[in-house]
Structures are given as C-alpha cells and as structure tokens.
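Here are a few notes from a friendly read-through, set out point by point. I hope they are handy as you look over the coordinates.

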Amino acid sequence: MTAQVPEQLIIDGKSHSMCADPLSVYVGLGGKMPDLDYGISTLWRGYRGTWEVINGGLYLIDLMGFIRKGGGLKLGDVFPGMDRVFAHWFSGVVRSPRGELLKYEHIGYASEYEWDYFYEFEKGILINTSNRSNNAKGDPVIGVLY
Amino acid sequence: MIYLYAYAVIGLLILLGFYGVHKLHALKIGYCSDLLNALNPRRQSFYYQLFNDYAMPSLAGILMFCVWPIAIYLLILQLLCKKKVKPIKKDCFKVRKSDLLENFNILQIEYLEMVIDPLNISPQVPFGYLNKVWLEFLSKLDSKDEIWSFKSKWNVRRIHGEIKTGYVSVRYGQPNFYILTSNIRDENYQLN
C-alpha cells in the first residue's frame, strides 16, 4: 500500500496534516457518498477532506475527490446545500503530525515526524489534546496542550 | 520489410494511446503532487525526478514500442483480473443478546440523539445528518418490537477489532435490525 495523502486539519488558524478519516465513520454509520473513483494509489479512500476546529467543534469545510461517472467531488455532493458540516458522528482520536520528516514509510500514514499532536473528539466536540515528541529516544513525552 | 514497418506503426500508435491515457491520469491527480512532495521530500531531489520523470517513462516507452504485443497481453490480463475479483462479502455483524444494555422508547432516543452543534448549523433532528438512517430504522419497526441500546465487540475479517454501539430492535427477546451510533477501532483487540 502506498503512502496516503492525509486529510487537512485547520486549528488555531493554522493548517496541518491529519492522519484520520472521520468521513469514513459517517459512511460506516449509514451516511451516503457518491460512487467515487478509487484509481489513485496515493488516495485509496477516493477523496481528501479539509477539517477545521471551530468553537471546539470539528467541521468538514471542504472535500476534493473524483466521482466515478466524471467530475470533481465537492462538499455539496455529500451534504447538499452545506458549506461546513459539523462532524457530530465522530468520536475518537485524530493524529496530526508536525515538524520535520524523520522517517519516510511507503505505507498508509506510517511516516514519522518530529511531533504527533493528538486531538480527542466526543460526538464532534474536542475534549482532550496531547502531544508526543518522536525525537527523544526511549519513552515518548506526553503532555496536555490546553 | 513491410511487416516490420507495420509492426513499428502499430507499436507507435499503441505507445501514443498509452501516453494519452497516462497524461489524462496525470492531469487528474495533478492536485495531489504538492501533497505527495510534502509527504516524501525525496520526490523533489534531482535524481528522483530524473529517474521518475525521464528515465522510467523513456524506458517504458522504448519497451512498449519494441514489444507492444506483451503490453497488450498484460493489459488484457489486467482487465480480465479486474472482472474476476470477487467483491468482499459485506460485514455480517449481528447484535447478540449479551450486548444489550438498556430499553428505550422512541422519544427518549430522539431526545438523546439530538445534535449539539457549537455553530448551530446542523439539522435540528435526531441523529443530525444521519437522520435518514434513523427514519429508515423506524419504518421497519413493528408494534411488537422493543428498542434497546447495545455495545458490541466485533472483529472485522479477523484483521482488527471494532467496538460498535447503537440501538437495536428486539422482537420476542431476540435482537434484530439495528442503527449504529459509533464504530470505534478496538485498540485492545488481539488476534486469537
């Protein structure tokens, strides 16, 4: 499996990579998606979402991908009439790598960066944050951000 | 000699065909290239680009021109294999009796599953954007059915574990169809 293009997370006005896929949870719970073109090896999920944490909530604000019958995938194709969508269906932790690339792995989201920031959501609401340095040898340091 | 010319012309036409398809695909994935570069900085090095953008395509082009019947054979083989691939069997998850937690009525569930959106832009209906799934669940209910919440551990094709929660209809004590409210990867799952 090829290294995958990550999702994008905007938090505190800054854009970062996000190694998680909350939209697949929506589909897993019965949400509908158009039939996508999965032909790009670096994007097996068929789309790339941009997410933003606003007022402590996780919002999907943009979607890029390819529809099988032709044309680009837009947010409105999944959520008609919406320009941002609150991810109330999502509970779990997302990882957002930061800093220099330490070790490239040609699989999934396995590449290692200087830092990993973790954001824990409960029904789309941010409830906990922490980070971990991947530079230090031995046990990683876990610290609460806020 | 005429056969050699014919072979070369066919080879050239096939090469042009493959090149066109490749260019179309490259256009399509163009927006990914910046992301891919960020993902793997080595992609921007001179030697990587020389190898990836010039050496490999040139070698592939020469090979295709010279031995195009093999390219056609491989293409047919690929198409045939695509057709042969059986779709993965759908998840046959079922709620067990031991997974049941608590009995609820419809009004209670609709109250519990109202979405609390910090920006107040989500549909103000139970289950928010997944309201259709809830309505579908309700449409299948019978007067004999009870609704119970549940929490189940499930292994997905024996690869990884999931913890599923939701509501299930229970008829004569037996769990039946369900609606999921969460589906979280089980980090403690151990392959037996």
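1. Let me start with the cysteines. A disulfide here is a pair of cysteine sulfur atoms within 2.5 Å. In this predicted model, the number of disulfides over all chains is zero. Two cysteines of chain B are worth a glance for their surroundings: C66(B) is partly exposed at a relative accessible area of 41%, whereas C92(B) counts as exposed, with 60% relative accessibility.

2. Next, confidence in chain A. The average pLDDT of chain A is 86, and 92% of its residues score at least 70. Among the elements of this chain, strand 6 of chain A has the highest mean pLDDT, 97, and strand 10 (residues 142-144) of chain A the lowest, 47. Across residues 138-146 of chain A the pLDDT falls below 50, although the stretch has 19 contacts in the model beyond near neighbours in sequence. Where pLDDT is low, predicted coordinates should not be read in detail. I would therefore mention those contacts together with the score, which is below 50 in that stretch.

3. Is S91(A) buried or exposed? With a relative accessible area of 16%, S91(A) is buried, because the cut-off for that class is under 20%. S91(A) sits in the loop that runs between strand 6 (85-86) and strand 7 (92-103) of chain A. Its side chain reaches the backbone nitrogen of K123(A) at 2.9 Å. Leaving aside residues up to four places away in sequence, S91(A) touches F121(A), E122(A) and K123(A), and also I184(B) from the other chain letter.

4. Now the aromatic rings. Over all chains, a search of the whole structure finds 19 aromatic pairs. One of them joins F79(A) and Y129(B) edge-to-face, with 5.1 Å centre to centre and 70 degrees between the planes. This pair crosses between chains: F79(A) is in the loop between helix 2 (75-78) and strand 6 of chain A, and Y129(B) is in the loop between helix 5 (106-112) and helix 6 (131-140) of chain B. Both F79(A) and Y129(B) are buried.

5. Another pair lies within chain B. The ring centres of F93(B) and F150(B) are 6.2 Å apart with their planes at 35 degrees, so this pair is tilted. F93(B) belongs to the loop between helix 4 (68-84) and strand 1 (100-104) of chain B, and F150(B) to strand 2 (residues 146-156) of chain B, so the pair ties together parts that are 57 residues apart in sequence. Both partners are buried: F93(B) has a relative accessible area of 5%, and F150(B) has one of 1%.

6. Two charges also sit over rings. K164(B) lies over the face of F93(B), 5.1 Å from the ring centre. In chain A, R45(A) lies over the face of Y47(A), at 5.8 Å from the ring centre.

7. Which residues do ring pairs link into a cluster? The cluster consists of F104(B), F127(B), W134(B), F137(B), Y167(B) and F177(B).

8. Finally, chain B as a whole. Its secondary structure comes to six helices and four strands, in the order α-α-α-α-β-α-α-β-β-β along the sequence. Of the 192 residues in chain B, 28% are buried. Among its contacts between residues at least 6 apart in sequence, 56% join residues at least 24 apart.

Definitions and conventions. Residues are numbered from 1 along each chain as its sequence is written. Chains are lettered from A and ligands numbered from 1 in the order in which they are written. This is a predicted model: local features need pLDDT of at least 70, side-chain atom pairs count only at pLDDT 80 or more; totals for chains, interfaces and linings use all residues. Side-chain values use heavy atoms; hydrogens and water are left out. Helices (H or I, at least four residues) and strands (E, at least two) are DSSP runs, numbered from the N terminus. Buried means under 20% relative accessible area, exposed over 50%, partly exposed in between (1.4 Å probe, protein chains only). A polar contact is a pair of N or O atoms within 3.5 Å; within protein, one must be able to donate a hydrogen and the other to accept it, and residues adjacent in sequence count only if both atoms are side-chain atoms. Contact means heavy atoms within 4.5 Å. pLDDT is the predictor's confidence in each residue, from 0 to 100. Rings of Phe, Tyr and Trp (its six-membered ring) pair if their centres lie within 6.5 Å; planes under 30 degrees apart count as stacked, over 60 as edge-to-face and the rest as tilted. A charge sits over a ring if NZ of Lys or CZ of Arg is within 6 Å of the ring centre and within 35 degrees of the ring normal.
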